[in-house]
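Trainee: I should be grateful for a close look at one position in this model and its surroundings. Please explain the terms as they arise.

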Amino acid sequence: MRRLGMRSVLRQNLFELHIPGEGHTPFYCWLMSQKKQHQEVLSADKISVNSMEIKQDVSQLINWSKQDRGSFENADGPNGQCLASDFSSVHSKDLLPAENGEEVTKHFLQELLNILLAYISKSLNRSSKVLDFHHPHQLKEGLEGFSLELPDQPDNLEQLLVDCRDTLKYGVKTGHPRFFNQLSTGLDIIGLAGEWLTSTANTNMFTYEIAPVFILMEDVILKKMHSIIGWSEKEGDGIFCPGGTMSNLYSVLLARYHFFPRVKTAGMHALPPLALFTSAHSHYSIKKSAAVLGIGSENVFLVKCDERGKMIPKELESSIRTAESKGLVPFYVNATAGTTVYGAFDPFNDIADICERFGLWMHVDAAWGGGLLLSKRHRMKLQGIDRASSITWNPHKMMGVPLQCSAILVRKKGLLQECNQLCAEYLFQPDKHYDVSFDTGDKSIQCGRHVDIFKLWLMWKAKGSEGFESQVNHCLENAEYLYYKLKSRKDFQLVFQSQPEHSNVCFWYLPTSMRNMPPGPERDRELHMVAPKIKAKMMEEGVTMIGYQPLGDKVNFFRCVFSNPATQKEDVDFLLDEITRLGRELYS
């Protein structure tokens with residue numbers, strides 16, 4: 001049985017109280033009508049209507065009314081008559097474009113907006129939980145009436161609003177200041193507004209004729225990013241993609257076409273056996289790209305890194321010669337600006353020198369680290385990135401743009417078009433009455449392409465480059481604060497001793513029983529289980545969230561990352577206190 005919450009039951013009776021100075025609201029109208037009909041007495045403690053007693057503190061009801069009154073603005077009709085916003089008998093067919101559907105559409109969207117605003121407020125409230133965890137089988141079976149099953153008959157709008165609340169309730173508040181689990185965190189209000197407008201516009205990015213403003217915004221943003229990287233005005237191309245994995249795939253696709261253009265028409269038979277190179281700490285999407293494009297994951301050479309997670313240039317050169325000795329043709333090197341786990345930056349100038357010497361395409365995966373280019377304090381960590389042939393940059397990570405927002409930036413103009421265009425006549429007619437160079441859809445391997453640009457453009461207008469710089473600096477200051485806190489404590493151990501380059505901080509929690517254990521297999525075996533146990537308990541309690549993983553010969557360790565500007569030092573302290581508390585409970 002589907003359930004309606006207390007608010008929903010009250011709303012079916014036109015709920016809300018009269019708020020002094022705010023006019024008569026629907027619940028007040030209903031109460032007055034019931035008072036006339038039944039001569040019931042309205043007291044501060046109790047409302048008795050039709051033999052049903054609703055024992056509620058009146059102040060609580062007033063709070064509910066204040067929270068939800070936005071959906072009943074202008075609810076009074078002519079001559080003070082109350083208008084209903086009871087959604088229990090209203091369905092989606094009654095909304096616009098239905099005849100006379102404007103008023104109910106407005107009330108429905110206002111009610112939905114109230115739900116979203118309440119969620120945003122809760123997400124930023126440190127006393128609220130990050131998540132209300134339930135196992136998959138619990139959510140599938142249904143909780144408190146929340147059902148994922150699809151009906152044959154349409155649900156009413158009241159049920160849809162309840163479903164919206166429940167969807168948010170059982171999800172994870174990634175905008176919470178104490179959510180440290182992923183690289184993409186935070187909830188930027190301007191970015192959110194941009195996403196709402198984008199969905200309202202509901203257009204496609206393949207031609208200027210149906211997305212003129214968005215196409216021009218993308219052009220402006222791409223040129224801005226090229227300039228920040230250090231490319232000249234004569235250089236630079238790009239396109240926004242659905243995530244960093246797709247952007248990295250574009251880089252391999254473009255590199256292959258650049259050296260072997262016949263592959264586009266003749267296929268794999270036009271290719272020699274190829275080899276590409278990436279660091280052992282790089283993102284798995286490079287291997288995935290090789291698999292998807294038919295190059296083969298076995299032909300991806302993982303280059304050794306130093307203790308800090310940086311690619312070792314001599315090892316790259318050695319790997320290239322090894323590939324050649326096996327009869328493979330090297331063509332592509334991926335360097336990383338901000339590795340996923342350690343946050344390391346590869347030595348770009350040294351790698352660029354090797355690529356130039358061997359005639360290879362150099363790509364920089366700056367999905368995570370690209371945001372540091374906006375900081376005068378930290379951009380030197382990406383020195384040499386301007387020598388890359390292509391770059392991945394994800395504004396939805398360090399810049400805090402709502403998911404998703406990722407760009408593939410290409411130094412050679414026209415290559416994206418040459419590689420991907422097929423000139424579909426129903427979209428890309430050459431005899432249109434405007435400049436068809438702005439029909440950018442043929443640069444993409446997609447046809448339909450979501451508008452990811454507006455929210456970034458709007459945020460850049462709102463913050464300016466200086467605002468992004470301040471945001472980046474703040475996040476790295478939080479990482480530095482955590483680093484020094486960990487360094488001073490005996491119950492934690494850093495995975496590497498050097499100060500973090502990015503906002504990644506990696507560490508182990510050491511239960512009392514393990515602090516004096518000598519290094520070796522037994523200690524590793526026990527330590528490997530600590531982070532998963534603490535994480536499981538942490539998710540059940542739901543007050544914070546952090547990720548963990550093993551890497552190479554390192555057993556499971558915590559990785560804390562900072563990209564949410566709402567996170568403060570008090571949240572870092574809370575995280576360490578919570579890990580310590582849970583660790584003591586589990587290992588006391």
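Trainee: Is Leu 95 buried or exposed, and what is its relative accessible area?

Mentor: Leu 95 is buried, because its relative accessible area is 14%; buried means under 20%, exposed over 50%, and partly exposed in between, using a 1.4 Å probe and protein chains only. Some conventions come first. The model is predicted, so local features need a pLDDT of at least 70 and side-chain atom pairs count only at pLDDT 80 or more, while totals for chains, interfaces and linings use all residues. Residues are numbered from 1 along each chain as its sequence is written, and side-chain values use heavy atoms, with hydrogens and water left out.

Along the chain, Leu 95 belongs to the loop between helix H3 (58-68) and helix H4 (102-123). Helices here are DSSP runs of H or I with at least four residues, numbered from the N terminus. Setting aside neighbours within four places in sequence, Leu 95 has contacts (heavy atoms within 4.5 Å) with Gly 101, Val 104, Thr 105, Phe 108 and Leu 157. Of these partners, Thr 105 is 10 residues from Leu 95 in sequence, and their C-alpha atoms are 5.1 Å apart.

Confidence should be read alongside this picture. The average pLDDT (the predictor's confidence in each residue, from 0 to 100) is 89 for the protein, and 86% of the residues score at least 70. Over residues 3-84, however, the pLDDT is below 50, although this stretch has 126 contacts in the model beyond near neighbours in sequence.

Technical notes
Helix = DSSP H or I, 4+ residues; strand = E, 2+ residues; numbered from the N terminus.
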